Amino acid sequence: MSAAHDDHHHGPAKGLSRWLFTTNHKDIGTLYLWFSFAMFFLGGTFAMVIRAELFQPGMQLVEPNFFNQMTTMHGLVMVFGAVMPAFVGLANWMIPMMIGAPDMALPRMNNWSFWMLPFAFAMLSSTLFMDAGAPNFGWTFYAPLSTTYAPETVTFFIFAVHVMGASSIMGAINIIATVLNMRAPGMTLMKMPLFVWTWLITAYLLIAVMPVLAGVVTMMLFDVHFGTSFFNAAGGGDPVLFQHVFWFFGHPEVYIMILPAFGVVSTIIPAFSRKRLFGYGSMVYASASIAFLSMIVWAHHMFTVGMPIAGELFFMYATMLISVPTGVKVFNWAATMFKGSLSFETPMLFAIAFVVLFTIGGFTGLMLAITPADFQYHDTYFVVAHFHYVLVPGAVFSIMAAVYYWLPKWTGYMYDERLAKLHFWLSFIGVNVLFFPQHFLGLAGMPRRIPDYALQFADFNWISSIGGFLFGASQLIMLVVVIKCIKGGKKATAQVWDGAKGLEWTVESPAPYHTFTTPPNPDLIETP
(Lines give C-alpha, C1' and ligand atoms only; values in the text may rest on other atoms or scores of the structure.)
Protein backbone atom coordinates (compact mmCIF):
# COMPACT_ATOMS: atom_id res chain seq x y z
CA MET A 1 0.00 0.00 0.00
CA SER A 2 1.53 3.29 -1.05
CA ALA A 3 2.10 6.06 1.47
CA ALA A 4 -0.30 8.29 -0.44
CA HIS A 5 -2.93 5.55 -0.70
CA ASP A 6 -5.63 7.47 1.14
CA ASP A 7 -5.02 10.79 -0.54
CA HIS A 8 -5.45 9.58 -4.10
CA HIS A 9 -8.20 12.16 -4.62
CA HIS A 10 -5.83 15.00 -3.76
CA GLY A 11 -2.59 13.80 -5.31
CA PRO A 12 0.25 12.50 -3.15
CA ALA A 13 0.14 13.62 0.49
CA LYS A 14 2.80 16.19 1.27
CA GLY A 15 5.10 16.28 4.29
CA LEU A 16 3.35 17.09 7.53
CA SER A 17 -0.22 16.65 6.29
CA ARG A 18 0.55 13.04 5.35
CA TRP A 19 1.23 12.31 9.03
CA LEU A 20 -1.50 14.52 10.49
CA PHE A 21 -4.35 13.19 8.35
CA THR A 22 -3.17 9.68 7.51
CA THR A 23 -5.61 6.80 7.72
CA ASN A 24 -3.00 4.27 6.58
CA HIS A 25 -2.44 1.61 9.26
CA LYS A 26 1.31 1.49 8.57
CA ASP A 27 1.73 5.25 8.95
CA ILE A 28 -0.31 5.20 12.15
CA GLY A 29 1.69 2.23 13.45
CA THR A 30 4.87 4.19 12.74
CA LEU A 31 3.51 7.24 14.59
CA TYR A 32 2.65 5.12 17.63
CA LEU A 33 6.09 3.51 17.64
CA TRP A 34 8.01 6.81 17.39
CA PHE A 35 5.79 8.39 20.03
CA SER A 36 6.34 5.48 22.41
CA PHE A 37 10.10 5.61 21.75
CA ALA A 38 10.10 9.31 22.71
CA MET A 39 8.09 8.53 25.87
CA PHE A 40 10.48 5.66 26.67
CA PHE A 41 13.34 8.17 26.75
CA LEU A 42 11.30 10.69 28.77
CA GLY A 43 10.22 8.08 31.33
CA GLY A 44 13.79 6.77 31.36
CA THR A 45 15.10 10.24 32.15
CA PHE A 46 12.82 10.36 35.21
CA ALA A 47 14.16 6.94 36.24
CA MET A 48 17.75 8.18 35.89
CA VAL A 49 16.94 11.00 38.34
CA ILE A 50 15.58 8.39 40.79
CA ARG A 51 18.68 6.17 40.48
CA ALA A 52 21.03 9.16 40.72
CA GLU A 53 19.40 10.26 43.99
CA LEU A 54 19.62 6.69 45.36
CA PHE A 55 23.23 6.24 44.19
CA GLN A 56 24.36 6.88 47.75
CA PRO A 57 22.59 7.50 51.06
CA GLY A 58 21.90 11.08 52.13
CA MET A 59 20.03 13.78 50.22
CA GLN A 60 22.14 15.02 47.31
CA LEU A 61 20.35 15.89 44.09
CA VAL A 62 16.65 16.57 44.51
CA GLU A 63 14.09 17.54 47.15
CA PRO A 64 11.94 14.69 48.53
CA ASN A 65 8.82 16.16 46.91
CA PHE A 66 10.51 16.30 43.51
CA PHE A 67 11.71 12.71 44.04
CA ASN A 68 8.06 11.70 44.53
CA GLN A 69 7.12 13.59 41.35
CA MET A 70 9.78 11.59 39.50
CA THR A 71 8.51 8.20 40.73
CA THR A 72 4.95 9.21 39.78
CA MET A 73 5.80 10.58 36.33
CA HIS A 74 8.17 7.68 35.57
CA GLY A 75 5.43 5.12 36.23
CA LEU A 76 2.68 7.01 34.36
CA VAL A 77 4.82 7.79 31.31
CA MET A 78 6.27 4.28 31.02
CA VAL A 79 2.94 2.47 31.40
CA PHE A 80 0.60 4.74 29.42
CA GLY A 81 3.13 6.47 27.16
CA ALA A 82 5.81 3.89 26.33
CA VAL A 83 4.63 0.27 26.69
CA MET A 84 0.96 0.51 25.69
CA PRO A 85 1.36 2.77 22.60
CA ALA A 86 4.29 0.62 21.42
CA PHE A 87 2.09 -2.48 21.40
CA VAL A 88 -0.72 -0.54 19.70
CA GLY A 89 1.82 0.55 17.07
CA LEU A 90 2.89 -3.06 16.50
CA ALA A 91 -0.79 -4.06 16.27
CA ASN A 92 -1.50 -1.35 13.71
CA TRP A 93 1.44 -2.33 11.55
CA MET A 94 1.12 -6.09 11.70
CA ILE A 95 -2.48 -7.19 12.36
CA PRO A 96 -3.94 -6.16 8.96
CA MET A 97 -1.01 -7.86 7.19
CA MET A 98 -1.23 -10.98 9.36
CA ILE A 99 -4.95 -11.50 8.71
CA GLY A 100 -4.90 -10.36 5.09
CA ALA A 101 -6.93 -7.18 5.63
CA PRO A 102 -6.38 -4.06 3.46
CA ASP A 103 -6.28 -1.79 6.53
CA MET A 104 -7.84 -1.40 9.98
CA ALA A 105 -11.64 -1.46 10.12
CA LEU A 106 -12.01 2.13 11.33
CA PRO A 107 -9.13 4.12 9.80
CA ARG A 108 -10.26 7.63 10.76
CA MET A 109 -10.86 6.65 14.37
CA ASN A 110 -7.41 5.06 14.20
CA ASN A 111 -5.88 8.44 13.33
CA TRP A 112 -7.82 10.17 16.12
CA SER A 113 -6.91 7.62 18.76
CA PHE A 114 -3.24 8.30 18.04
CA TRP A 115 -3.36 12.10 17.93
CA MET A 116 -5.04 12.29 21.35
CA LEU A 117 -1.90 10.88 22.96
CA PRO A 118 0.66 13.66 22.30
CA PHE A 119 -1.82 16.16 23.76
CA ALA A 120 -2.50 14.02 26.84
CA PHE A 121 1.21 13.60 27.58
CA ALA A 122 2.03 17.22 26.80
CA MET A 123 -0.60 18.16 29.38
CA LEU A 124 0.73 15.68 31.94
CA SER A 125 4.37 16.72 31.39
CA SER A 126 3.51 20.43 31.55
CA THR A 127 2.73 19.99 35.26
CA LEU A 128 6.50 19.70 35.85
CA PHE A 129 6.77 23.41 34.97
CA MET A 130 3.86 24.61 37.14
CA ASP A 131 4.23 26.20 40.57
CA ALA A 132 2.30 23.44 42.33
CA GLY A 133 4.59 20.83 40.74
CA ALA A 134 3.81 17.55 39.00
CA PRO A 135 1.67 14.85 40.63
CA ASN A 136 3.64 13.44 43.58
CA PHE A 137 1.35 10.63 44.75
CA GLY A 138 2.79 7.61 42.90
CA TRP A 139 1.55 6.11 39.61
CA THR A 140 -1.17 4.29 41.57
CA PHE A 141 -2.41 7.71 42.85
CA TYR A 142 -3.91 6.36 46.08
CA ALA A 143 -6.50 8.56 47.78
CA PRO A 144 -6.36 10.57 50.03
CA LEU A 145 -2.85 11.51 48.79
CA SER A 146 -4.31 12.20 45.35
CA THR A 147 -7.49 13.93 46.55
CA THR A 148 -7.34 15.61 49.96
CA TYR A 149 -3.59 16.30 49.96
CA ALA A 150 -2.94 16.55 46.22
CA PRO A 151 -1.23 19.49 44.46
CA GLU A 152 -3.58 21.61 42.32
CA THR A 153 -2.10 20.01 39.20
CA VAL A 154 -4.08 16.84 39.99
CA THR A 155 -6.80 18.20 37.68
CA PHE A 156 -4.42 18.17 34.71
CA PHE A 157 -3.45 14.62 35.65
CA ILE A 158 -7.11 13.53 35.79
CA PHE A 159 -7.89 15.00 32.38
CA ALA A 160 -4.73 13.49 30.85
CA VAL A 161 -5.68 10.03 32.17
CA HIS A 162 -9.19 10.42 30.70
CA VAL A 163 -7.76 11.26 27.28
CA MET A 164 -5.28 8.33 27.35
CA GLY A 165 -8.09 5.99 28.36
CA ALA A 166 -10.32 7.19 25.51
CA SER A 167 -7.45 6.61 23.08
CA SER A 168 -6.96 3.05 24.41
CA ILE A 169 -10.67 2.23 24.15
CA MET A 170 -10.82 3.43 20.54
CA GLY A 171 -7.71 1.44 19.64
CA ALA A 172 -9.24 -1.68 21.21
CA ILE A 173 -12.58 -1.26 19.40
CA ASN A 174 -10.65 -0.91 16.14
CA ILE A 175 -8.65 -4.09 16.71
CA ILE A 176 -11.73 -6.13 17.61
CA ALA A 177 -13.67 -4.83 14.59
CA THR A 178 -10.72 -5.56 12.30
CA VAL A 179 -9.97 -9.07 13.57
CA LEU A 180 -13.58 -10.22 13.73
CA ASN A 181 -14.70 -8.76 10.38
CA MET A 182 -11.73 -8.47 8.04
CA ARG A 183 -9.87 -11.78 8.06
CA ALA A 184 -8.99 -13.22 4.68
CA PRO A 185 -11.30 -16.03 3.43
CA GLY A 186 -10.28 -19.32 5.04
CA MET A 187 -8.53 -17.74 8.01
CA THR A 188 -10.53 -19.10 10.92
CA LEU A 189 -9.88 -17.82 14.43
CA MET A 190 -7.77 -20.89 15.23
CA LYS A 191 -5.55 -20.24 12.21
CA MET A 192 -4.67 -16.68 13.23
CA PRO A 193 -1.07 -15.91 14.24
CA LEU A 194 -0.72 -15.83 18.02
CA PHE A 195 0.17 -12.14 17.96
CA VAL A 196 -3.31 -11.46 16.56
CA TRP A 197 -4.91 -13.71 19.18
CA THR A 198 -3.12 -12.08 22.12
CA TRP A 199 -4.09 -8.64 20.83
CA LEU A 200 -7.74 -9.64 20.36
CA ILE A 201 -7.83 -10.82 23.98
CA THR A 202 -5.98 -7.69 25.12
CA ALA A 203 -8.50 -5.50 23.30
CA TYR A 204 -11.39 -7.12 25.19
CA LEU A 205 -9.52 -6.55 28.47
CA LEU A 206 -9.00 -2.87 27.56
CA ILE A 207 -12.70 -2.37 26.86
CA ALA A 208 -13.58 -4.12 30.14
CA VAL A 209 -11.29 -2.13 32.44
CA MET A 210 -10.53 1.26 30.89
CA PRO A 211 -13.99 2.57 31.88
CA VAL A 212 -13.14 1.54 35.48
CA LEU A 213 -10.07 3.80 35.35
CA ALA A 214 -12.28 6.57 33.94
CA GLY A 215 -14.68 5.96 36.82
CA VAL A 216 -12.03 6.18 39.54
CA VAL A 217 -10.49 9.41 38.18
CA THR A 218 -14.00 10.89 37.85
CA MET A 219 -14.70 10.05 41.51
CA MET A 220 -11.37 11.75 42.33
CA LEU A 221 -12.42 14.82 40.33
CA PHE A 222 -15.68 15.04 42.30
CA ASP A 223 -13.86 14.62 45.63
CA VAL A 224 -11.35 17.35 44.69
CA HIS A 225 -13.73 19.92 43.18
CA PHE A 226 -17.36 19.17 44.02
CA GLY A 227 -17.38 18.34 47.71
CA THR A 228 -18.17 14.62 47.47
CA SER A 229 -16.54 12.11 49.82
CA PHE A 230 -16.07 8.90 47.83
CA PHE A 231 -12.62 8.40 49.34
CA ASN A 232 -12.75 10.73 52.34
CA ALA A 233 -13.48 8.92 55.63
CA ALA A 234 -14.40 12.21 57.33
CA GLY A 235 -17.34 12.54 54.95
CA GLY A 236 -18.44 8.90 55.18
CA GLY A 237 -16.27 7.63 52.31
CA ASP A 238 -13.51 5.05 52.32
CA PRO A 239 -9.93 5.36 51.05
CA VAL A 240 -9.82 1.55 50.64
CA LEU A 241 -12.65 1.87 48.10
CA PHE A 242 -10.18 3.78 45.93
CA GLN A 243 -7.76 0.86 46.03
CA HIS A 244 -10.48 -1.63 45.08
CA VAL A 245 -11.66 0.40 42.10
CA PHE A 246 -8.12 1.31 41.02
CA TRP A 247 -6.78 -2.25 41.15
CA PHE A 248 -9.86 -3.65 39.43
CA PHE A 249 -8.49 -1.66 36.51
CA GLY A 250 -4.82 -1.90 37.50
CA HIS A 251 -4.37 -5.63 37.66
CA PRO A 252 -5.84 -6.45 34.24
CA GLU A 253 -3.74 -3.47 33.04
CA VAL A 254 -0.49 -5.29 33.80
CA TYR A 255 -1.76 -8.22 31.72
CA ILE A 256 -2.70 -5.78 28.95
CA MET A 257 1.00 -4.88 28.96
CA ILE A 258 2.22 -8.49 28.80
CA LEU A 259 -0.28 -10.41 26.60
CA PRO A 260 0.87 -8.78 23.32
CA ALA A 261 4.43 -9.58 24.45
CA PHE A 262 3.44 -13.25 24.62
CA GLY A 263 2.21 -12.93 21.04
CA VAL A 264 5.47 -11.36 19.86
CA VAL A 265 7.60 -14.05 21.51
CA SER A 266 5.33 -16.79 20.12
CA THR A 267 6.03 -15.36 16.65
CA ILE A 268 9.79 -14.97 16.99
CA ILE A 269 10.78 -18.21 18.75
CA PRO A 270 9.29 -20.52 16.06
CA ALA A 271 10.92 -18.42 13.31
CA PHE A 272 14.45 -18.82 14.71
CA SER A 273 13.85 -22.41 15.83
CA ARG A 274 12.62 -23.28 12.31
CA LYS A 275 9.74 -25.24 13.80
CA ARG A 276 6.11 -24.44 14.19
CA LEU A 277 5.01 -23.30 17.64
CA PHE A 278 4.52 -26.18 20.06
CA GLY A 279 0.94 -26.37 21.35
CA TYR A 280 -0.78 -23.57 19.42
CA GLY A 281 -4.23 -24.39 20.82
CA SER A 282 -3.02 -24.50 24.41
CA MET A 283 -1.33 -21.11 23.88
CA VAL A 284 -4.64 -19.57 22.78
CA TYR A 285 -6.56 -21.05 25.72
CA ALA A 286 -3.76 -20.13 28.15
CA SER A 287 -3.89 -16.50 26.94
CA ALA A 288 -7.67 -16.39 27.39
CA SER A 289 -7.42 -18.00 30.86
CA ILE A 290 -4.79 -15.48 31.95
CA ALA A 291 -7.05 -12.63 30.79
CA PHE A 292 -10.05 -14.04 32.68
CA LEU A 293 -8.09 -14.73 35.86
CA SER A 294 -6.51 -11.26 35.73
CA MET A 295 -9.98 -9.82 36.43
CA ILE A 296 -10.49 -11.70 39.71
CA VAL A 297 -7.18 -11.21 41.53
CA TRP A 298 -7.09 -7.42 42.00
CA ALA A 299 -7.03 -7.38 45.81
CA HIS A 300 -3.68 -9.19 46.03
CA HIS A 301 -2.28 -5.64 45.80
CA MET A 302 -4.11 -4.88 49.04
CA PHE A 303 -3.43 -7.81 51.38
CA THR A 304 -2.38 -5.34 54.10
CA VAL A 305 -5.57 -3.22 54.18
CA GLY A 306 -7.35 -5.54 56.63
CA MET A 307 -9.47 -7.85 54.48
CA PRO A 308 -11.51 -10.69 55.97
CA ILE A 309 -9.52 -13.95 56.02
CA ALA A 310 -11.85 -15.48 53.43
CA GLY A 311 -11.06 -12.61 51.06
CA GLU A 312 -7.32 -13.01 51.58
CA LEU A 313 -7.54 -16.76 50.94
CA PHE A 314 -9.60 -16.28 47.78
CA PHE A 315 -7.21 -13.72 46.32
CA MET A 316 -4.18 -15.80 47.32
CA TYR A 317 -5.44 -18.95 45.56
CA ALA A 318 -6.77 -17.10 42.50
CA THR A 319 -3.40 -15.35 42.09
CA MET A 320 -1.46 -18.61 42.40
CA LEU A 321 -3.77 -20.11 39.78
CA ILE A 322 -2.54 -17.61 37.15
CA SER A 323 0.87 -19.27 37.28
CA VAL A 324 -0.65 -22.40 35.68
CA PRO A 325 -1.52 -20.98 32.21
CA THR A 326 1.61 -18.84 32.39
CA GLY A 327 3.68 -21.96 33.05
CA VAL A 328 2.00 -23.63 30.05
CA LYS A 329 3.28 -20.79 27.87
CA VAL A 330 6.84 -20.98 29.18
CA PHE A 331 6.83 -24.74 28.68
CA ASN A 332 5.55 -24.35 25.10
CA TRP A 333 8.25 -21.81 24.23
CA ALA A 334 10.91 -24.13 25.61
CA ALA A 335 9.40 -27.09 23.72
CA THR A 336 9.38 -25.04 20.51
CA MET A 337 13.12 -24.42 20.83
CA PHE A 338 13.84 -28.04 21.84
CA LYS A 339 15.60 -29.86 18.96
CA GLY A 340 14.99 -26.88 16.68
CA SER A 341 17.57 -25.60 14.24
CA LEU A 342 18.26 -22.50 16.34
CA SER A 343 20.05 -19.35 15.26
CA PHE A 344 20.65 -16.38 17.51
CA GLU A 345 19.95 -13.15 15.68
CA THR A 346 19.03 -10.14 17.81
CA PRO A 347 15.24 -10.76 17.88
CA MET A 348 15.84 -14.31 19.10
CA LEU A 349 18.27 -13.11 21.78
CA PHE A 350 15.66 -10.69 23.12
CA ALA A 351 12.98 -13.40 22.95
CA ILE A 352 15.06 -15.95 24.88
CA ALA A 353 16.00 -13.28 27.44
CA PHE A 354 12.29 -12.54 27.72
CA VAL A 355 11.45 -16.18 28.52
CA VAL A 356 14.17 -16.52 31.16
CA LEU A 357 13.77 -13.15 32.88
CA PHE A 358 9.98 -13.00 32.65
CA THR A 359 9.99 -16.40 34.41
CA ILE A 360 12.03 -14.89 37.26
CA GLY A 361 9.42 -12.15 37.51
CA GLY A 362 6.74 -14.85 37.56
CA PHE A 363 8.38 -16.68 40.45
CA THR A 364 8.68 -13.54 42.57
CA GLY A 365 5.02 -12.88 41.74
CA LEU A 366 4.17 -16.31 43.10
CA MET A 367 6.03 -15.39 46.31
CA LEU A 368 4.02 -12.16 46.56
CA ALA A 369 0.78 -14.11 46.06
CA ILE A 370 1.25 -15.85 49.42
CA THR A 371 -0.66 -13.60 51.80
CA PRO A 372 1.39 -13.95 55.01
CA ALA A 373 4.63 -13.59 53.03
CA ASP A 374 3.23 -10.52 51.26
CA PHE A 375 2.77 -8.80 54.63
CA GLN A 376 6.57 -8.79 54.80
CA TYR A 377 7.25 -7.93 51.14
CA HIS A 378 4.54 -5.28 50.81
CA ASP A 379 5.78 -1.81 49.78
CA THR A 380 9.42 -2.90 49.77
CA TYR A 381 11.90 -2.93 46.91
CA PHE A 382 11.12 -6.63 46.48
CA VAL A 383 7.84 -5.60 44.86
CA VAL A 384 9.69 -3.05 42.69
CA ALA A 385 12.11 -5.77 41.55
CA HIS A 386 9.19 -8.14 40.85
CA PHE A 387 7.15 -5.91 38.59
CA HIS A 388 10.18 -4.46 36.82
CA TYR A 389 11.33 -7.99 35.92
CA VAL A 390 7.92 -8.54 34.34
CA LEU A 391 7.74 -5.15 32.61
CA VAL A 392 11.33 -4.42 31.49
CA PRO A 393 12.86 -7.75 30.40
CA GLY A 394 9.24 -8.76 29.84
CA ALA A 395 7.18 -6.15 27.99
CA VAL A 396 10.02 -3.83 26.91
CA PHE A 397 12.35 -6.62 25.69
CA SER A 398 9.50 -8.11 23.65
CA ILE A 399 8.89 -4.71 22.02
CA MET A 400 12.59 -4.49 21.15
CA ALA A 401 12.52 -8.04 19.81
CA ALA A 402 9.50 -7.13 17.65
CA VAL A 403 11.15 -3.98 16.30
CA TYR A 404 14.31 -5.84 15.28
CA TYR A 405 12.25 -8.71 13.86
CA TRP A 406 10.00 -6.55 11.70
CA LEU A 407 12.32 -3.62 10.87
CA PRO A 408 13.46 -5.29 7.61
CA LYS A 409 9.80 -5.77 6.68
CA TRP A 410 8.95 -2.17 7.55
CA THR A 411 11.93 -0.44 5.93
CA GLY A 412 13.07 -2.87 3.23
CA TYR A 413 16.60 -2.80 4.69
CA MET A 414 18.53 -4.99 7.12
CA TYR A 415 19.60 -3.28 10.34
CA ASP A 416 23.20 -3.38 11.62
CA GLU A 417 23.33 -6.78 13.34
CA ARG A 418 26.60 -6.04 15.19
CA LEU A 419 25.26 -2.84 16.77
CA ALA A 420 21.94 -4.55 17.56
CA LYS A 421 23.73 -7.39 19.36
CA LEU A 422 25.76 -4.81 21.30
CA HIS A 423 22.47 -3.17 22.28
CA PHE A 424 21.10 -6.53 23.42
CA TRP A 425 24.07 -7.52 25.56
CA LEU A 426 24.42 -4.11 27.24
CA SER A 427 20.66 -4.05 27.91
CA PHE A 428 20.68 -7.63 29.22
CA ILE A 429 23.58 -6.99 31.59
CA GLY A 430 22.29 -3.55 32.58
CA VAL A 431 18.75 -4.70 33.37
CA ASN A 432 19.94 -7.52 35.62
CA VAL A 433 22.52 -5.40 37.44
CA LEU A 434 19.77 -2.80 37.88
CA PHE A 435 16.92 -4.94 39.19
CA PHE A 436 18.37 -8.14 40.67
CA PRO A 437 19.95 -6.45 43.73
CA GLN A 438 16.58 -4.83 44.47
CA HIS A 439 15.22 -8.24 45.52
CA PHE A 440 17.84 -8.31 48.30
CA LEU A 441 17.13 -4.69 49.28
CA GLY A 442 13.43 -5.49 49.63
CA LEU A 443 13.99 -8.66 51.64
CA ALA A 444 16.30 -6.67 53.93
CA GLY A 445 13.46 -4.21 54.51
CA MET A 446 14.12 -1.20 52.27
CA PRO A 447 10.80 0.55 51.58
CA ARG A 448 9.95 1.76 48.07
CA ARG A 449 9.33 5.39 46.95
CA ILE A 450 11.79 6.96 49.36
CA PRO A 451 14.58 9.44 48.52
CA ASP A 452 16.93 8.36 51.32
CA TYR A 453 17.80 5.16 53.14
CA ALA A 454 19.81 3.61 55.97
CA LEU A 455 23.49 2.85 55.50
CA GLN A 456 23.07 -0.94 55.30
CA PHE A 457 21.32 -0.53 51.91
CA ALA A 458 24.14 1.52 50.36
CA ASP A 459 26.05 -1.18 48.45
CA PHE A 460 23.12 -2.76 46.62
CA ASN A 461 21.72 0.68 45.72
CA TRP A 462 25.09 1.69 44.30
CA ILE A 463 25.18 -1.47 42.15
CA SER A 464 21.54 -0.96 41.12
CA SER A 465 22.19 2.63 40.01
CA ILE A 466 25.23 1.60 37.95
CA GLY A 467 23.05 -0.98 36.19
CA GLY A 468 20.40 1.68 35.64
CA PHE A 469 22.82 4.10 33.99
CA LEU A 470 24.19 1.29 31.78
CA PHE A 471 20.70 0.20 30.74
CA GLY A 472 19.58 3.78 30.09
CA ALA A 473 22.63 4.72 28.04
CA SER A 474 22.52 1.54 25.96
CA GLN A 475 19.06 2.48 24.64
CA LEU A 476 20.75 5.20 22.57
CA ILE A 477 22.32 2.38 20.53
CA MET A 478 18.85 1.22 19.52
CA LEU A 479 18.02 4.74 18.33
CA VAL A 480 21.15 4.68 16.15
CA VAL A 481 20.32 1.21 14.76
CA VAL A 482 16.75 2.20 13.86
CA ILE A 483 17.73 5.48 12.17
CA LYS A 484 20.57 3.78 10.24
CA CYS A 485 18.15 1.09 9.09
CA ILE A 486 15.54 3.58 7.88
CA LYS A 487 18.19 5.48 5.91
CA GLY A 488 19.22 2.34 4.02
CA GLY A 489 21.70 -0.50 4.05
CA LYS A 490 21.68 -4.05 2.80
CA LYS A 491 18.38 -4.78 1.03
CA ALA A 492 16.11 -7.16 2.91
CA THR A 493 15.12 -10.26 0.96
CA ALA A 494 11.54 -11.50 0.59
CA GLN A 495 12.21 -14.23 3.17
CA VAL A 496 14.22 -11.99 5.43
CA TRP A 497 14.91 -14.37 8.33
CA ASP A 498 15.42 -17.55 6.33
CA GLY A 499 19.03 -17.19 5.26
CA ALA A 500 20.24 -17.65 8.82
CA LYS A 501 22.57 -20.57 9.57
CA GLY A 502 22.85 -21.58 5.90
CA LEU A 503 19.22 -22.68 5.76
CA GLU A 504 18.14 -20.89 2.59
CA TRP A 505 14.36 -21.17 2.63
CA THR A 506 12.93 -20.28 -0.73
CA VAL A 507 9.44 -21.12 -1.78
CA GLU A 508 9.93 -22.48 -5.31
CA SER A 509 6.83 -21.27 -7.03
CA PRO A 510 4.71 -23.14 -7.97
CA ALA A 511 6.22 -26.26 -6.39
CA PRO A 512 4.49 -27.00 -3.06
CA TYR A 513 7.64 -27.53 -0.98
CA HIS A 514 10.63 -25.65 0.38
CA THR A 515 14.14 -26.04 -1.02
CA PHE A 516 17.31 -25.60 1.01
CA THR A 517 20.91 -24.84 0.23
CA THR A 518 22.05 -27.17 3.03
CA PRO A 519 20.59 -30.60 3.76
CA PRO A 520 17.96 -29.90 6.42
CA ASN A 521 16.62 -32.06 9.19
CA PRO A 522 13.71 -33.78 7.38
CA ASP A 523 11.54 -33.53 10.53
CA LEU A 524 11.58 -29.75 10.28
CA ILE A 525 10.22 -29.31 6.77
CA GLU A 526 6.57 -28.44 6.72
CA THR A 527 4.87 -29.15 3.44
CA PRO A 528 1.89 -26.85 3.05
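This is a short tour of the structure, stop by stop, with something to select at each one.

Before you start, note that the model is predicted: local features need pLDDT of at least 70, side-chain atom pairs count only at pLDDT 80 or more, and totals for chains, interfaces and linings use all residues. Residues are numbered from 1 along each chain as its sequence is written, and side-chain values use heavy atoms, with hydrogens and water left out.

**The whole chain**

Show the chain as a cartoon and colour it by secondary structure. You will find 15 helices and two strands; these are DSSP runs numbered from the N terminus, with helices being H or I over at least four residues and strands being E over at least two. The radius of gyration is 23 Å, close to the 24 Å that the globule rule gives for 528 residues, so the chain is as compact as a globular protein of that length. Here the radius is taken over C-alpha atoms, and the rule is 2.2 Å times the number of residues to the power 0.38. Align the view to the principal axes, and the C-alpha trace spans about 75 × 55 × 45 Å.

Next, switch on a surface. The accessible surface of the chain comes to about 21700 Å², and 70% of that belongs to carbon and sulfur atoms (Shrake-Rupley method, 1.4 Å probe; for residues, only the protein chains shown count as cover). Of the 528 residues, 54% count as buried. Buried means under 20% relative accessible area, exposed over 50%, and partly exposed in between, with a 1.4 Å probe and protein chains only.

A contact map is worth drawing too. Taking contacts between residues at least 6 apart in sequence, 79% join residues at least 24 apart, where contact means heavy atoms within 4.5 Å.

**The nonpolar core**

Select F80, F121, F141, F157 and W199. In the largest nonpolar core, which has 165 residues, these five touch the most other members. Such a core is a set of buried Ala, Val, Leu, Ile, Met, Phe, Trp, Tyr and Cys residues joined through side-chain atoms within 4.5 Å. Now add helix α3, residues 64–99, which gives the most to this core with 21 residues.

Zoom in on W199. Leaving aside neighbours within four places in sequence, W199 is in contact with F87, V88, A91, I95, I175, L206 and P260.

**The loop between α4 and α5**

Which backbone feature should you look for at F141? Its phi is near 35°, a positive value in a residue other than glycine. F141 sits in the loop between α4 and α5 and is buried, with a relative accessible area of 0%. P144 is found in that loop as well, between α4 and α5 (154–181). Display the backbone atoms there: a cis peptide bond joins A143 and P144, with omega about 0°.

**Two stops on α4**

Select W112, which lies in helix α4. Is W112 buried or exposed? At 52% relative accessibility, W112 counts as exposed. S126 belongs to helix α4 (residues 107–126) and counts as partly exposed at 25% relative accessibility.

**L277 and its surroundings**

Move to the loop between α8 (259–273) and α9 (280–294), where L277 is found. L277 is buried, with a relative accessible area of 14%. Show its contacts, not counting residues up to four places away in sequence, and you get L194, S266, P270, M283, W333 and T336. Try a distance on one of these: L277 and W333 are 56 residues apart in sequence, yet 7.5 Å apart C-alpha to C-alpha.

**Helices α11 and α13**

Pick I360 in helix α11 (residues 346–369). I360 is partly exposed at 26% relative accessible area, and its C-alpha lies 8.2 Å from that of H386, 26 residues apart in sequence. Then select H388 in helix α13 (residues 381–411). H388 counts as buried at 14% relative accessibility. Apart from residues up to four places away in sequence, H388 touches H74, P393 and F435.

**Last stop: R449**

Finish in the loop between α14 (417–443) and α15 (458–487), where R449 is found. The phi of R449 is near 60°, a positive value in a residue other than glycine. R449 is partly exposed, with a relative accessible area of 31%.
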